[in-house]
Amino acid sequence: MWRSPSSSSSLCISFYSIHLCTLLLFINQHFVVVSSQPLYTNSRWIVNSTGQRVKLACVNWVSHMDVMLAEGLNQQPVNAISKAIINMGFNCVRLTWPLFLFTNDSLGSITVRQSFKNLGLFSSIVDLQANNPFIVDLSVLDAYKAVVASLAKNNVMIILDNHISKPGWCCSRFDGNGFFGDQYFDPHLWIQGLTKVATTFKAITNVVGMSLRNELRGPLQNVDDWYRYMQKGAEAVHAANSDILIILSGLSFDKDLSFLHQRPMNLTFSGKLVFEIHRYGFTDGDTWSGKNANQACGEVLNEMVSKGAFVLEQGYPLFVSEFGVDQRGTNVNDNRYFNCFLGLAAELDFDWALWTLVGSYYLRDGIVGLNEYYGVLDWNWLDIRNASFLQRISVIRTPFQGPGYTETHPHKVIFHPMTGLCIQRTSLLQPLELGACSEAEAWGYAPAKTLTVIGNYFCLQADKLGQPVKLNMVCNDDSSKWDIISDSKMHLSSTLQDATSVCLDVDPNNVIVTQTCKCLRTNDTTCDPGSQWFKIIDSTRATNIKSSLQIKPIIHFLVRNFFGSYI
């Protein structure tokens, strides 16, 4: 459907060429890495000390497994990984940690070498010695500090995430780590650990937040204990380090914050509280491949908003701290989920952390060197697994709006999640096409359901089935009205002069056309509507607004349109 630039994958092949890939991915993107810590909250936005929005565009780096060392240090030097994170366009890392690393002195004091030996990972020690010789004989606790220091040195913001108590893979309902009172989850020890971590990293200003606990779950979970201990944990962290953001997860594997509808948090501080949720394709089983895609998208988005994203309306930032896909691109469930998710991510403009940086694990599920297909890096931590995926998510790395980003009057952009691109025009004489959202056309969407170009008198008009849409100055007929239809609320539908209903679509050359609307019947489970999914996004960013005083192009357009030669 979409023409991915053929050069991207071939150039994004190593840490030494990632800077070149970055140029290709972000040549039309404005991306602020980080400035003016500490961070605060201003209603639903995270802002810096000057009051400008800072959008967290993070990647998860796993450091909570049995080895108790950030993954990948047997593959690449830690500073090379830290640099690669920035070069790939992320400004932040959600760095996981197990509670016992900071609360069990005998565990935290063993050397990295001994930790690997205890697990029989002798060849990994050799590789670690080659890539990070200074880490091998540090304690695992000091090695964690060294990773934080490397990230800070490379100007990466850091969210410290208490992922689990007992080191190991997360998560299941019955792993003893799920909720306060579980076998490995003593709430008092947890508060001690939070306090120690907040104190330990207080002097590192790039540590901008702490996520207090990952994916609360299991048979013991309940709302009353959530409030009791989350409030105590938040107060303890704030008392130890008042500069950092406090990030709170919900229940049911961090899918559910709905209890906040009626019962707000009761804290002694303000301007620091952020809520987080998680969502994957597999969160909903085989819904995405087994149901009509429009229906699945509508159901999942409604749940995400009612159980999580509603906090934006309450005046709190939302941090979607885990989402991701199988980056091989062959998982139908994941592919449909992500087309839907990316539309919501752009529409709500929330902060996020992608799962995961990791290309392979030292040891997971009893397998040495297990390949992580959700990782942005390949097994060897040298190659980018899917360069087009990084390009696709580049649109949500930068804010569409927020404090400090009022560059022009509020307007709309039309976003195409399947490609990560937006509708733009090069001139009135050329068909509309997909391109970088930083160069997107600025639109108004009127109550009469017309999409009008900001800066002149033209509106979007359906012409013929399978043909490019047009810009026209006559905007009062049905072909100039665009309804948002289907359960997904991502089809833009109009009516041709012959009364045929059509939907906005994209042809193989990225040109915007109209076609018969796809997948509207709920019993159609095999149809993929991705090419016809568009989101109308609110924006205040400077964009492709052309003056209404461009008289010559308009006259030229009118002449061509009158004689029927405008395409």
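Is C475 buried, exposed or partly exposed? Select C475 and you will find a partly exposed residue, at 22% relative accessibility. On this tour, buried stands for under 20% relative accessible area, exposed for over 50%, and partly exposed for what lies in between, with a 1.4 Å probe and protein chains only.

Two notes before moving on. You are looking at a predicted model, in which local features need pLDDT of at least 70 and side-chain atom pairs count only at pLDDT 80 or more, while totals for chains, interfaces and linings use all residues. Residues are numbered from 1 along each chain as its sequence is written, and side-chain values use heavy atoms, with hydrogens and water left out.

**Stop 1: the disulfides**

Stay with C475 and add C459: a disulfide joins the two, with 2.2 Å from S to S. The cut-off for a disulfide is a pair of cysteine sulfur atoms within 2.5 Å. This pair links distant parts of the chain, with C459 in strand β18 (residues 459-461) and C475 in the loop between β19 (470-472) and β20 (483-485), 16 residues apart. Helices (H or I, at least four residues) and strands (E, at least two) are DSSP runs, numbered from the N terminus. The torsion about the S-S bond is -110°, a left-handed link. Unlike its partly exposed partner C475, C459 is buried, at 0%.

Next, select C422 and C437, a disulfide with an S to S distance of 2.0 Å. C422 sits in strand β14 (residues 421-424), and C437 lies 15 residues apart from it, in the loop between β15 (433-435) and β16 (443-445). This disulfide is right-handed, because the torsion about its S-S bond is about 85°. C422 is buried at 0%, and C437 also counts as buried, at 10%.

Now pick C519 and C527, joined at 1.9 Å from S to S. Their torsion is about -65°, so this disulfide is left-handed. C519 is buried at 6%, as is C527 at 17%. In the whole structure, a search finds seven disulfides.

**Stop 2: a four-stranded sheet**

Select β20, β21, β22 and β23: in that order they form an open sheet with antiparallel pairing. Two strands pair if DSSP finds at least two bridges between them. At the edges are β20 and β23 (512-515), each pairing on one side only. Zoom in on β21 (residues 491-495) and β22 (residues 501-506), which are joined by three bridges. One place to look is T495, whose bridge partner in β22 is S501. Neighbouring strands of this sheet are turned by 45° against each other on average, direction ignored.

**Stop 3: the nonpolar cores**

Show W61, L160 and W226, the residues with the most contacts inside the largest nonpolar core, which has 130 residues. Such a core is a set of buried Ala, Val, Leu, Ile, Met, Phe, Trp, Tyr and Cys residues joined through side-chain atoms within 4.5 Å. Helix α14 (residues 332-348) gives the largest share of this core, nine residues. Then select L421, F458, L471 and L496, which are among the 23 residues of another core, lying apart from the largest one.

**Stop 4: a helix pair**

Keep α14 on screen and add α12 (residues 293-309): the two helices pack at an angle of about 45°, with their axes 10 Å apart. Axes are lines fitted to C-alpha atoms, for helices over the stretch in contact, and angles run from 0 to 180 degrees between N-to-C directions. The pair is therefore oblique: angles under 35 degrees count as roughly parallel, over 145 as roughly antiparallel, 65 to 115 as roughly perpendicular and the rest as oblique.
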